[in-house]
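Please open the model in your viewer and keep the selection panel at hand. The tour below goes from a sheet to a helix, with a stop at each selection.

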Amino acid sequence: MHFGLTKAPATFQRLMDLVLGGLKWSCALVYLDDIIVYSSTFQSHLQHLNSVLERIQSSGLTLHISKCQFCKTKLKYIGHVVSQSGIEPDPDRVRAVRDYPVPTRIKDVRAFLGLTSYYRRFIRNYATIAEPLISLTRNIDNRPFLWTSSCQQAFDHLRHLLIQAPIISYPQFDKPFILQLDASDFGLSAILAQKLVDDDRVKREHVIGYASRTLSSSERHYSPTERECLAIVYGCSHFRPYLEGIRFTILTDHKAIKWLHHTKDLNSRLARWAMQIAAYDVDIQHRPGADNANCDALSRAPVDDSSISNNLLSSPDSSSSPSFRDPAYLLVLDYFSHASLPPPQLSIPISLHNNFTTSFSTASPHSFSPFSSSISLANINFGDNIQLYDDIRTAQWQDPKLIPLLNYLQNQQLPDDTILQKIRQLASFHRVIDGALYRVFRSSSSSVDDSSSSITFSDHIPSIDHQQFRLVIPKSKIHELLSLAHDHPTSAHLGRRKTLFRLSTRFSWTHMRRDVEAYVRSCKLCQQYKASNKKSGGLMRPIVVNEPWNTLGIDITGPLPKTRRGNIYILVVIDYFTKWVELFPLANTKANTIAQIFLDEVMCRFGFPVRIISDNGVQFLSNIFNNVCHTLGIKHQRTPLYHPQSNLCERVNRTLKPLLAALAHNDSKSWDTKLAQIAFALRTAPSDSTEQSPAFLMFGRHPRHPLDLCLPAPRSLDQHPTENDLSDYRKRLLANLLPAYVTTREILDISHEKQARQYNRHHRPVQFEPDDLVWVTALSGIAMGKWRGKKLSPRRDGPYRITQRLSQLTYSLIHTITGQQLSPIHVDRLHRYYSFTIPD
């Protein structure tokens, strides 16, 4: 990368983040070209070094050996000395501060403050000491540069304190934090501390960090209470990475802050700050000013964080030279340079031994060299408290299908002759690493392996023609891995392709694609909450009728605005053959009222029908209505629950309501007086299904319409019709009606076929058998064929068991847990219930 490019540091940092992806904050940190590897034990340190060096080699980067240090208990990193005890300033940098010349201009003052401010967290009361120097940088356009005795004292004092800077302790997140705060007339201060047990087993307060800043001109006019509250907001914001999500204690010498934490009578500024403080789990305690001297002094002359530059980069350690090598350094250097084994008395993890090579040989058919080719191992990290990798490795040695291959690779134990050839073939693309079985993919580009359905792609580390290892999963652990890859919150129940991608880039087992698809399809939460992309189930089955008033539809629409006659509802009756409509206004929907009107006004005028179709309203399920149908030999057919399109009356209701609203728009309490006129209009208009008006199919003639008044009046006959006239009229009537009925049947069949073809274009055939388990679309969540339920409510209920198949499209169900029965349910509301099992 060329020097001098503006975005070069960010680009290089992004590259290093990719190279060490999965290792940062677990065993390594990187800032540009400075990498630090840390461990708690020597053995784990060797493993971590191995991982980091493999990543660096795989990425094509090189290391300068003279600039590397290995196995140190104390080292310099980015201008600091890091050790087991904590962090302290780099002595070389401190020497630069000590020898810094006295500034003679504003630019020199700012440079000195930038250098000392880099270590400000090591010096208590830094802002107080540096205040004379900071004041020189304010309002420089209005006054000349004047170096006073107070500036010289501050300059000398800072140089002296940096030489004797204390060690800042490491934070321990399992111990409570203490945030000490104070505000003066011109500054804020914050000290983050913890009470820790020292080596002498005495608990003492250790400083984690100091912070302070000056107040702006407007902030200096705040009241003392507001300044103390501002100090809390500043301290919490500055140390937010330490304090967020845990409970901590705030110590302040202003007792009014405790009142502020509980009062509701706040001005807008305090209310905003109170909302910011409420985001933390904090216990505010009062401490007298005499006991709060550290923060109190620190706030007297603070320095603004934004005015000081913190971006100082460390230079290579000039004291480290290739001529000096400690034993640990020589051991690790010798191993990684020549792959030679360490002394026998030093225990090295198995993954660092040179036991494996990428190319096969007769002497060692299953070994590989760590540096013979580029290798990237899948990083399995599910948390410190989950021993999943060890469980998988143990399960591999317990799987009867994997044991022969493991014994062949690990112990050179030959299997039976019956499977020897197969094991040798498998051994060509499998390895045993650290006692675990991996499958090797040798591919330089993305590909899909049909046998294992595993996707191979360039891993986190950029590499060309490198090997990728996938941990082999035994059958006993497949379900657990599938659950982690799909059900875990970080997996978010995504679909089969994304779940397969997560697994296939890390693991391998036979029939992975099949198992992933089956598991995702059988996920209970996905089945309940996710929308289906499939077509709705159930094909259209038209209701076939061949004569008038054979099949009737009946329904109640309302409630509507109450009329002056006391009517609220409308009883709608329609003949499926002629499309003749009857509309009756109702004051109530009692079952005896419905049955009486239907008997007197329909059956006594048009005859007894063969079949009646209604919804599942309580009026039509009542004993009185069912007794009428049973006594008169009428078949009562109910539509499926929440499937209104099965009843032709619903189509009439769709047309009726806007007509009522239009005709009664001036007087909504008179809509019942318009029903007869609307019924006449519907009866005399041709139907799209029959191409004839219902009135013509009923009477063989077209009733006179108000529009006929505009035409010449027909000739009137004063004499009574003769017998021949009546016979001729009957013949003409039959000649009109009988062909009209035949034509209507044919047109109805054509119309039904057309409607079914359009309907079936968006539906698919679905069929269930008794004892099948199904989900039922939530009955309260569907309106007009679309989901109308609450945002986070489940789309489906269940599982239900099918108890009876009522027809080709309707079923009776019972809930497997609650025992709730549903009948009839249309097939388009049913979705098959899937369960997951791993095939043998």
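Two strands are said to pair if DSSP finds at least two bridges between them, and helices (H or I, at least four residues) and strands (E, at least two) are DSSP runs, numbered from the N terminus. This is a predicted model, in which local features need pLDDT of at least 70, side-chain atom pairs count only at pLDDT 80 or more, and totals for chains, interfaces and linings use all residues. Residues are numbered from 1 along each chain as its sequence is written, and side-chain values use heavy atoms, with hydrogens and water left out.

Select residues 611-614 to begin: this is strand β22, which runs parallel to β23 and is joined to it by four bridges. Within this stretch, Ser614 stands opposite Arg638 of β23.

Now widen the selection to the open sheet of five strands, whose order is β21-β20-β19-β22-β23 and whose pairing is mixed. At its edges stand β21 (581-586) and β23 (635-638), each with a single partner strand, so one side of each is left without a neighbour in the sheet.

Next, select residues 417-427, helix α15, where Leu420, Ile423 and Ala427 are buried (under 20% relative accessible area, with exposed meaning over 50% and partly exposed in between, for a 1.4 Å probe and protein chains only). Looking down the axis of α15, you will find its buried residues within an arc of 75 degrees (taken from the directions from the helix axis to the C-beta atoms), so they line one face of the helix. Turned away from that buried side is a face with the exposed residues Thr418, Gln421 and Lys422.
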